[in-house]
Amino acid sequence: MIKQLHKPTLFLLMIFMFVAMSAQQRFPKPEFESGYEQPDTTTPEPRAAALEFFDVLVLLGVLSLATFLVIKRRSRRGILWLSIFTLIYFGFYRNGCICPVGSVQNVTLALFDPAYKISITVLLFFLLPLVFALFYGRTFCAAACPLGAIQDLVIIKPVAVSSWVRKTISFIPHVYLGLAVLFAATKTDFIICRYDPFVGIFRMDAPYTMIVLGGAFLLLGMFFARPYCRGFCPYGVLLSWMSRFSRKHMTITPSECISCKLCEDSCPFDAIEVPPTEKVRTGSTVRKFLRQYTLFGILVPVWIVLGGWAVSKSHVFLSKAHPDVYLSELLIKHPELKADEENLDIQAFLESGKSMDQLVEEASLIRMKFKKGGWFLGGYLGLVLGIMIMNQFILRKHDDYVPHKGDCFSCGRCMNYCPVDKKY
Amino acid sequence: MNQEEKLKLAKQSMQISGIFSLVVAALLLINFAQLKKYEPLESETLKALVEQLEDDPRNEQLKEEIRHFDLMVRKAYFTSERQVKTGAFLLLFGVIIFAASLKIFTDIKHKIGMPDPDSEVFLKARRNAWQWLFVTGVVLFGLAFTAAIFTTNYLETYLPGELATIDEPTGNDEIRIIEIRDNTTDIAVVEEESVDTEGGEGESESESVRPAVEKAPETIYGEADFRKHHNTFRGPMGLGVSYHKNIPTSWDGSAGTNVLWKVALSKPGYNSPVIWGDRLFLAGGDQQARIVSCYDRHSGQLLWEKQVDNIPASPTKMPDVTDDTGLSAPTMAVDGYRVFAIFATGDVIAFDLDGNRVWVRNLGVPQNHYGHSSSLMVWNNKLIIQYDTGRGGRMMALNTTSGETEWDVKRDNRISWASPILIETDGKVQVVTNTDPNVAGHDVETGEELWKVAVMMGEVGPSCAYSDGLVYANNEYASLVAINPEPGAEVQWENYDYLSEAASPVAKDGLLYLATSYGVFVCYDTKTGEQIWEEDFGATLYSSPMLVDGKIYIMDNSGVMHIMKADRSGTIINEPALGEHSYAIPAFAQGRIYIRGENSLYCIGK
């Protein structure tokens, strides 16, 4: 079934990619006057509030259906078709916006800037997948995320990677999340949206580099399944946290695991936890792990302080991403650029009536925010690192093949490999 | 078809489609690179043709050629683009076949793997994981620390008020950056340069900073001193009157009769020569460079020629100007110690008389659809600049020794191409300007507006004239007016018969002379405004008349100087020809006339 679906979906995907790429080859307007009047630039109207709520309803419906298909029906086919619907609706129809992944930044900004009002629909987009993950695992990733769906459809020959590679890669989303929160809190940028690799494909119009980035992710995704989800998605960090507490997470077997090991390499995301062998569970190994666990547990505060200090020290570097800081430093270094009429940022500043002293003062305040935020970001990253290292010395007692609640996308592929019949 | 056959077919299909895709992708890349390289509007040939057209805007054949070439490159572009699209579809097709084949191949080959019972693998993976995480943490925080070390905090180096010039009113024609050297009256820091006596064109010159040297206080030269020279546009005070005698009335530029010397000019410009002592100064400029040149007015030897470059905030791209104005239309000014020049870029520069750069400023690129043309004026250590642009009216005075702003006045008038003149009334010197709509007088010391009369309109080109207590202003399609230049100023008389477009009027001894662009030269009575005589030269008159030695000298655009008696008779004395086009105003000094032709500088004398 999967084979049958891959061809048309892949074809559709490539078509969209192609159209998006070719759309970049724009032609400059002719210099000669021909009497043709250029149409005025128009700004699209914002989406009507009713339709925004309709989107929330669609999300809720998709999440509910995905959860039902994963938990109750255990239907991989259903998940697949639902993810295609998501790709079409939230991806190509809604152009990848709004999406819960990016809503992290809206929520952050709303928390740090009282003047910024977040709409209830954005908040629901942020919260609903987390609530579902808290109870049922990452069913959002399974079928309700357009970014996940587009990557899921191009998985052709997933290559298993060593667990240490996966563990190391899984740290990157924390860095991305931390930076996204810091940048949103300081009103610097919405980097998740800016560097969304697939939004250009959804909109069939984006800078060439963005299309190449999206294409590269999809090509990589043919062999390293869902590279963005596993290596970058900042929202996935939150979902992973929630999902770890889920009581009704998807299971590989509908009944009791017979440890037939057929499912062991069925997961393209290497998210199945293999039970430790008896040899691993020996007393000496356990004691060694306990010692190291304690040692690295003690080191966690060191990581936090080290991370906080180092990232805070880099606040000068990080804050350069803020437009005001960048502009003020640019003008300090090159005051002659005031005459550069093509530099729209400078011209906009000059038109604003703001003085250079004001600009520098504001930039300095922003830089101080980065310094403070750097402590939190570095501390958070140090904490995550410390805990991730500690986790390497935990031996979970289980004899069954179970999905890793944090890493599992609830796609349901493993279910098809289980020979155990469901008990009714 | 059994599994083996399917596997074989998938494998072959995969290989063929893979190679096919790679080849198409390579061709696409090459094609795409070509497409990028040959963007139509980036065509050097097209650019060259367009540049030619700028020089010769009425060349219909050239226009047609450009259209034809433009069409060709666009066709080529679209053909190449179609090839890219076709290639992209082929690549898409190849990739789909490859992906489908790969999927079938891997599915057929797929076997359920056997779990690895080796506990060592598990333990090793855990060990590697924590070690790599550890390394990742160290590297990440190490990078953060490295970034902290190697990043300069420019905000900390900023001192409040340090870049106050950036805060000055926005707009292209506003002052942007100042680079002023240490410049008190008695301490001058100047840059020493080797004086170029060879007259090399566009040579780069080495510059070094000379230690501060104490100088004696400068004598401030006044009108009596200026009368001995020809230091500004239209002579002393800009009034169009020269006080030299024995000026020749006959010459033949082509034959060389009475031409004492003639030198070729290295850069074009519509500015007129100015003279101080033995030195004559000219400015020029084109897209490549702006220059100031100094000649020995006796021999015609080029004493020095300096490029006007390395000016902070000066635009890298030259402003759009029309060919009949150019980048160097304003005439320079000399105060006896320094020579000053302004260009359409908004660059103002001061050299000492030996060609050493004293100070530079950029006033911001003036918004001017023809090009900035208001000439400079000097008075009492002040360089007067009329800076009326598309963004509004403005007058300013810069300190001649330092370039610092002495005063800066915004005015409620529109853009103007006229130049300021200086007049003295009741012991006070005024700067008088002609703009749309105001003819106005400002206190030269403070910039304070003393009077104005809203009487003018249109694109004002002619400057004012002054005589017998009245200011005379006119503009084409407006009127000729006489105004009493004092608080409560009013129009004393007005006349609509003949009006000038570019040439400025001149008045003396009860007579006012005015040159229309269509060739009629008119004389009015300054008291009544009544016309006394008119003479149709049948040639375009853009240059302004100069009154010297009891005669009127007015050059037409073809290069013929019309010399008339400066009286009520309207007698033509002579009409000598230069032999080339000329638009500038002649300068006079000690029995000689200095005329800027289109391509050469002439010294006429006996």
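Guide: A cavity is a set of grid points where a 1.4 Å probe fits but cannot get out. The model before us is predicted.

Visitor: Which residues lie nearest the centre of the largest cavity?

Guide: They are B:Ile220, B:Tyr221, B:Asp335, B:Asn380 and B:Asn381, part of a lining of 14 residues. The volume of this largest cavity is about 100 Å³. By class, its lining comprises six nonpolar, four polar and four charged residues.

Visitor: How many cavities of 30 Å³ or more are there?

Guide: The count is eight.

Visitor: How should I read a pocket, and what is the volume of the second largest one?

Guide: A pocket is an open set of points, unlike a cavity. Here the second largest pocket has a volume of about 1,600 Å³. Its lining consists of 38 residues, and B:Glu54, B:Asp55, B:Gln287, B:Val321 and B:Asp323 lie nearest the centre. Helix H2 of chain B, residues 44–55, gives the most to that lining, with seven residues. The lining divides into 13 nonpolar, eleven polar and 14 charged residues.

Visitor: Which residues have the most contacts inside the largest nonpolar core?

Guide: In soluble globular proteins, nonpolar side chains tend to be buried together. In this model, the largest nonpolar core has 121 residues, and A:Val101, A:Phe140, A:Phe198, A:Tyr228 and A:Tyr235 have the most contacts inside it. Helix H19 of chain A, residues 356–391, gives the most to this core, with 14 residues. A second, separate core has 67 residues, including B:Val274, B:Val308, B:Val444 and B:Val471.

Visitor: What does A:Phe198 touch, leaving aside residues up to four places away in sequence?

Guide: A:Phe198 touches A:Leu147, A:Ile150, A:Gln151, A:Gly214, A:Phe217, A:Leu218 and A:Tyr228.

Note on methods. Residues are numbered from 1 along each chain as its sequence is written. Chains are lettered from A and ligands numbered from 1 in the order in which they are written. This is a predicted model: local features need pLDDT of at least 70, side-chain atom pairs count only at pLDDT 80 or more; totals for chains, interfaces and linings use all residues. Side-chain values use heavy atoms; hydrogens and water are left out. On a 1 Å grid over the protein atoms alone, a cavity is a set of points where a 1.4 Å probe fits but cannot get out, and a pocket is an open set with protein on both sides within 12 Å along at least five of seven lines; lining residues have an atom within 4 Å of a point. Grid points are joined across faces, edges and corners, and a volume is the space filled by probe spheres set on the points. Ala, Val, Leu, Ile, Met, Phe, Trp, Tyr, Cys and Pro count as nonpolar, Asp, Glu, Lys and Arg as charged, and the others, Gly among them, as polar. A nonpolar core is a set of buried Ala, Val, Leu, Ile, Met, Phe, Trp, Tyr and Cys residues joined through side-chain atoms within 4.5 Å. Buried means under 20% relative accessible area, exposed over 50%, partly exposed in between (1.4 Å probe, protein chains only). Helices (H or I, at least four residues) and strands (E, at least two) are DSSP runs, numbered from the N terminus. Contact means heavy atoms within 4.5 Å.
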